[in-house]
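Subject: The structure I promised

Hi,

Here is the structure we talked about, with my notes underneath. Have a look at it first and then read on.

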Amino acid sequence: MLVTVIGTGHIGVTHAVCMAELGHDVLAMDVDEAMIAKVARGEVPFFEPGLEPILRKNLRDGRIRFTTSYREAADFGNVHFLCVGTPQTVGGAADLSYICAALRGLAAHLKSRCLIVGRSTVPVGTARMLLARARDLAPAGERVDLAWNPEFLREGFAVHDSLQPDRLVFGVTCDSATRTLEQVYAKLLQRDVPGLFIDLETAELIKMSANAFLATRISFINAMAEVCDAVGADVTQLVRALSHDERIGGRYLSPGLGFGGSCLPKDIRAFQAKATSLGLGSVVDLLRSVDAINMARRATVMDLATRALGGSLAGQRVAVLGVAFKPDSDDVRDSPALDICGRLELAGATVSVHDPAAMPNAAQVHPHLRYAQSVSEAAEGAHLVMHLTEWPDYQAIDPVALGKVVASRVLIDARCALDMPVWQAASWTVHVLGRQRAARTALGRQLADPA
Ligand code: UGA
């Protein structure tokens, strides 16, 4: 099939490349000329393992091309995917200006029957509004249809999540849209990927509620971590026991510094704004609490750092391990770890940062931080080491060797991911959110019996 993809950000490039991989002829379009020039050369402008080789293969095979022209995109295909960002406005609601602009640009050139398919995360009601606008603007008028097919891709796993999705959701208004989408996704649907054909509003809401649910699980376990610290319990044991319950499962229950990134925080705020406009007070309260618990983790980590350094961060050297919003990503948008770096700096600390992939992006936001090429360079002379993003590389750190370069062996593991006894055995004072008593007890044992 001939498919166009409007918007070549993370979601758009991934979708365009995966559509080509599924055998379609793809034209991807963006108004950003530099971005289009880059992807057309076969370079993926963000960190997404496995995407670049598939892009290059499909460029070589002539299955994918790129353009900056709406007219060319409109003329090319009869299925047009909208993969445009919906960032957060100052008030928290979703900013629909980019998606509306993309729709205007495309619709003005639509002269024959076609299907526009939205993939962006939008508040309920957006799809129906865009459908009305498209029909108003397009020369093809009522022959333009619109469906909603939300994406559920995680950064770092975008290729896997595109080609082996858990489910496909399609909001449709007519049978012909259903038939077109069945053709577009035939290879996945034949592999028994569940495909749900429903109304536009439910499709939009499924995406919002999926992200809200994931955020709620993370905030729930972080609330439990707080309770653990208040009563001397251990959150990692708690999670282990909870996850054995098949009804609960273990995913999205990693306690720590909380969620960040370009999706979960923005989407629960956009959802809150929508619920407010609908007068759904209890939904607003729920989402507000999820957000508040999440943001409070950052304050808790700062308190812990201040206490660990005797009451003040001023003049102290702090080494930060990990600034990406999650491991296997170079993205620092709404990164809890990078936020902590800014707060440490404001409190007067000298911050030295290490991250396997995100330092160039972090340096654009916080140019004054020191960026180290290795963990030991970051930790040189540090009074405190803070583990803020759980890159697998950090599990392999040798605490004995690192202990030789720091000024004091004090570690905050804000992601509950390092092997606490191993660090303690190397004479580190370890603070772990949700495991404070475990840390103290083990340390007590070790001090009583240094051998
Ligand atoms: C998220 C969703 O997982 C995707 O399904 C969705 O398609 C995407 O948003 C989107 O709306 O486009 P992503 O932002 O890539 O994907 O990140 P996640 O892997 O979900 O992680 C989000 C944040 O939660 C990270 O900061 C991560 O460190 C944190 N997290 C995750 C925890 O703190 N604990 C956990 O147990 C899991």
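I'll begin with a lysine. The side chains of Lys207 and Thr121 are joined by a polar contact of 2.8 Å. Bear in mind throughout that this is a predicted model. Lys207 sits in helix 10, which covers residues 200-231. Is Lys207 buried or exposed? Its relative accessible area is 5%, and buried means under 20%, so Lys207 is buried. Apart from neighbours within four places in sequence, Lys207 touches Thr121, Pro150, Glu151 and Phe152.

Now for the overall layout. The chain is split into domain 1 (2-197), domain 2 (207-295) and domain 3 (296-448).

I spent some time on where domain 2 meets domain 3. Their C-alpha centres are 23 Å apart, and the contact draws on 24 residues from domain 2 and 23 residues from domain 3. Between them the two domains bury about 1900 Å², with 51% of that on carbon and sulfur atoms. Which residues of domain 2 lose the most area to domain 3? They are Asp229, Leu257 and Met295, and together they make up 35% of what that side buries.

There is polar chemistry across this boundary as well. I get 3 salt bridges between domain 2 and domain 3, along with 17 residue pairs in polar contact, both partners at pLDDT 80 or more. On the domain 2 side, at least two residues each come from helix 10, helix 11 (235-243), helix 12 (264-277) and helix 13 (281-308). Helix 10 gives the most, with 5 residues. By type, the residues on the side of domain 2 that touches domain 3 are 11 nonpolar, 9 polar and 4 charged.

One salt bridge to click on is the pair Arg297 and Glu226, whose side chains meet at 3.9 Å, N to O.

Next, a leucine in helix 12, Leu264. Its relative accessibility is 12%, which is under the 20% cut-off, so Leu264 counts as buried. What does Leu264 touch, leaving aside its neighbours within four places in sequence? The list is Asn211, Leu214, Ala215, Ile218 and Phe259. Met208 is 56 residues away from Leu264 along the chain, and the C-alpha atoms of the two are separated by 9.2 Å.

Cys114 is another one to look at. Cys114 is in strand 5, residues 114-118. With a relative accessible area of 8%, Cys114 is buried. Beyond neighbours within four places in sequence, Cys114 is in contact with Asn78, His80, Arg143, Val144 and Asp145. If you want a distance to help you find your way around, the C-alpha atoms of Cys114 and Pro265 are separated by 34 Å, and the two residues are 151 places apart along the chain.

Then there is helix 14, residues 336-346. Its buried residues are Pro336, Ala337, Leu338, Ile340, Cys341, Gly342 and Leu344. What covers them? The cover includes helix 13, strand 9 (317-321), strand 10 (350-354), helix 15 (359-365) and strand 12 (384-387). After helix 14 comes Gly348, with a positive phi near 100 degrees.

Last, some backbone angles. Most residues other than glycine have a negative phi, so a positive value is something to check. Two residues here fit that description:

- Asp328 is not a glycine, yet its phi is positive, about 60 degrees. Asp328 lies in the loop between strand 9 and helix 14. At 30% relative accessibility, Asp328 counts as partly exposed.
- Ser427 has a positive phi near 70 degrees and is likewise a residue other than glycine. Ser427 is in the loop between helix 18 (420-425) and strand 14 (429-432). Its relative accessible area is 44%, so Ser427 is partly exposed.

That's it from me. Shout if anything is unclear.

Cheers

Notes. Residues are numbered from 1 along each chain as its sequence is written. Side-chain values use heavy atoms; hydrogens and water are left out. Helices (H or I, at least four residues) and strands (E, at least two) are DSSP runs, numbered from the N terminus. Buried means under 20% relative accessible area, exposed over 50%, partly exposed in between (1.4 Å probe, protein chains only). A polar contact is a pair of N or O atoms within 3.5 Å; within protein, one must be able to donate a hydrogen and the other to accept it, and residues adjacent in sequence count only if both atoms are side-chain atoms. Contact means heavy atoms within 4.5 Å. Domain bounds come from an automatic or database domain assignment. Buried area is the accessible area (1.4 Å probe) that two parts lose on being put together, summed over both. A salt bridge is a side-chain nitrogen of Lys or Arg within 4 Å of a carboxyl oxygen of Asp or Glu. Ala, Val, Leu, Ile, Met, Phe, Trp, Tyr, Cys and Pro count as nonpolar, Asp, Glu, Lys and Arg as charged, and the others, Gly among them, as polar.
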